[in-house]
Amino acid sequence: MEKTKIILDCDPGHDDAVAILLAAKHPAIDLLGITVVAGNQTLEKTALNALRVAEWLGVDVPVYPGCGQPMIREKMVAGDIHGESGLDGPVFPPLRGELEEEHAVSYLIRTLLDSDGDITVVTTGPMTNLAMAMRLEPAIIPMIRRIVLMGGSYTNGNVTPAAEFNIIADADAAHVCFTCGRPVTMVGLDVTRKVLCYPEIVERMAKVDNKASRLFVDLMAHFCKTQKEIFGWEGGPLHDPVTIASLIDPTVLTTKPMNAQVDIRSTASYGRTNCDFFGYLGLPANVDVAIDIDVEKFWDIIEQGIRNYD
Ligand code: BDR
Ligand code: CA
C-alpha cells in the first residue's frame, strides 16, 4: 500500500494528541514531521506537548515549533477546554529529546520545495504556519498535494455562534489557505460533533491496554469533563483525528464541493466559514466540505490506530 505523506500542523491539545497517535504509526500514513502553532495554549506549551506525546508513544518524528502569534489578530487560547498546560490530564515523564531548531515555517517551505508535490498538509490548529509559509514562499503552493484541515462549520460555531476555534483564532491565515487554489478538505464541527467519545468508547479503547490506550484514556478523562461542563455533551467530540482517519479511509467522510469563504470582515460573524451548501452564489467550489461521517468506521479506525502500538 502506498503511504500518504503528510506534515501534521497542530496545537496539542487533547484531540491533536490523538491525531498524532493515529498518524505516527499507521501503515497508510507517512508522518514526515510535526509542526506546531499557538492555539489551544501558547506555543511554548503546545510545542512541548507535541514532543511529550511523541516520546510517550516512542515515535521518532521531528517536532518543529512555529508561529506563536496569529498573522494579524490578537492571540487567543482554549484553556477552558484543554487546561493550563494545553494537555491537562496525562502525567508525562521528563522530556529526553528536544524540539528542532528550524522554524516550522522554514521546515514547511524547505520540505514542500524539495518534494515531488506529493505531500498533504494536515492542519488541526490555527492555520498560521501554513499561511505564513505560503506568503513567504508562494512557490510552495503548487507543491502542496492537498490541505486537510480541522476547522470551521457550516452550522454552529464553538467560540461564537458563528465561528469555530481554529478558524477564529487566525481567520486571516485560514483565508489565505482557503483561497490558495490547491485542493482543500474542510473537516468542520458539522461532522466532528458526531464523533462524541462516550464513556463506552473510552472503555473500549482502555481494553486494548497498551501505552497508546493509556494515553487515550488519560486524555479523554480531562477532555470529556471540560466538554461536558461547557457544551453539555456526554462525550467529547474527537475533532482533530477525523482528518487523519479520512486519509486512512476516505470513505469515512462524505464531502461536498462548495464555495467556502472565511469571514474576516464582519464583527458578529467574524471567523465564520461561509459554505455555500446550496450554490446560491454561483461561485466556483474551492473547498470539499465534510457533511457526514461514518461514526462506527471512525471508532474502528481509532481502535486500530491504538492497536498499532505495542
Ligand atoms: C478545535 O479547536 C481545538 O480546541 C481542538 O484541538 C480542535 O482542533 C475544535 O474547534
Ligand atoms: Ca487542535
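Let me start with strand β1, residues 4–10, and strand β4, residues 119–123, which run parallel and are joined by five bridges; strands here are DSSP runs of E of at least two residues, helices are runs of H or I of at least four residues, and both are numbered from the N terminus. Two strands count as paired if DSSP finds at least two bridges between them. Within this pair, the bridge partner of Asp9 in β4 is Thr123.

Before going further, I should say that this is a predicted model, in which local features need pLDDT of at least 70 and side-chain atom pairs count only at pLDDT 80 or more, while totals for chains, interfaces and linings use all residues. Residues are numbered from 1 along each chain as its sequence is written, chains are lettered from A and ligands numbered from 1 in the order in which they are written, and side-chain values use heavy atoms, with hydrogens and water left out.

Now to the sheet as a whole. It is an open sheet of eight strands, in the order β3-β2-β1-β4-β5-β6-β12-β9, with mixed pairing. Its edge strands, each pairing on one side only, are β3, at 63–65, and β9, at 253–258. On average, and ignoring direction, neighbouring strands of this sheet are turned by 25° against each other; for such angles, axes are lines fitted to C-alpha atoms, for helices over the stretch in contact, and the angles run from 0 to 180 degrees between N-to-C directions.

Moving from β1 towards β3, we find that β1 and β2 pair in the parallel sense over seven bridges, with Ile7 standing opposite Gly33 in β2. The chain crosses from β1 through α1 to β2, and this β-α-β crossover is right-handed, meaning that, with the strands pointing away from the viewer, the path from the first strand over the helix to the second runs clockwise. Helix α1, residues 14–24, lies across β1 and β2 and runs at about 160° to β1. Strand β2 is mostly covered, with six of its eight residues buried; buried is under 20% relative accessible area, exposed is over 50%, and partly exposed is in between, using a 1.4 Å probe and protein chains only. Three bridges then pair β2 with β3, again in the parallel sense, and β2, helix α2 (residues 43–57) and β3 make a right-handed β-α-β unit.

On the other side, β4 and β5 pair in the parallel sense over five bridges, and the bridge partner of Thr123 in β5 is Leu149. Here the chain crosses from β4 through α5 to β5, in another crossover that is right-handed. Strand β5, residues 144–150, is mostly covered, five of its seven residues being buried. Four bridges join β5 to β6, residues 184–187, and these two strands run parallel, with Met150 opposite Val187 in β6.

Which residues coordinate the calcium ion, ligand 2? The coordinating residues are Asp11, Asp16, Thr124 and Asp240, with the aspartates giving OD atoms, Asp16 being listed twice, and Thr124 giving its O, at 2.2 to 2.5 Å. Donors are N, O and S atoms within 2.8 Å of the metal, or 3.2 Å for Na, K and Ca, and as water is not among the atoms, sites may look incomplete. Along the chain, the donors follow the spacing D-x4-D-x107-T-x115-D. Since Thr124 lies in the loop between β4 and α5, and Asp240 in the loop between β8 (236–237) and α11 (241–248), the pair ties together parts that are 116 residues apart in sequence.

Thr124 deserves a further word. Its relative accessibility is 1%, so Thr124 counts as buried, and Asp240 is buried as well. The side chains of Thr124 and Asp16 are joined by a polar contact of 2.8 Å, a term for a pair of N or O atoms within 3.5 Å where, within protein, one must be able to donate a hydrogen and the other to accept it, and where residues adjacent in sequence count only if both atoms are side-chain atoms.

Finally, two backbone details. Most residues other than glycine have a negative phi, and most peptide bonds are trans. The peptide bond from Pro12 to Gly13, however, is cis, with omega near -10°, and Gly13 is placed in the loop between β1 and α1. Asp209, although not a glycine, has a positive phi of about 55°; its place is in the loop between α9 (199–206) and α10 (211–231), and at 53% relative accessibility Asp209 counts as exposed.

Note on methods. Contact = heavy atoms within 4.5 Å.
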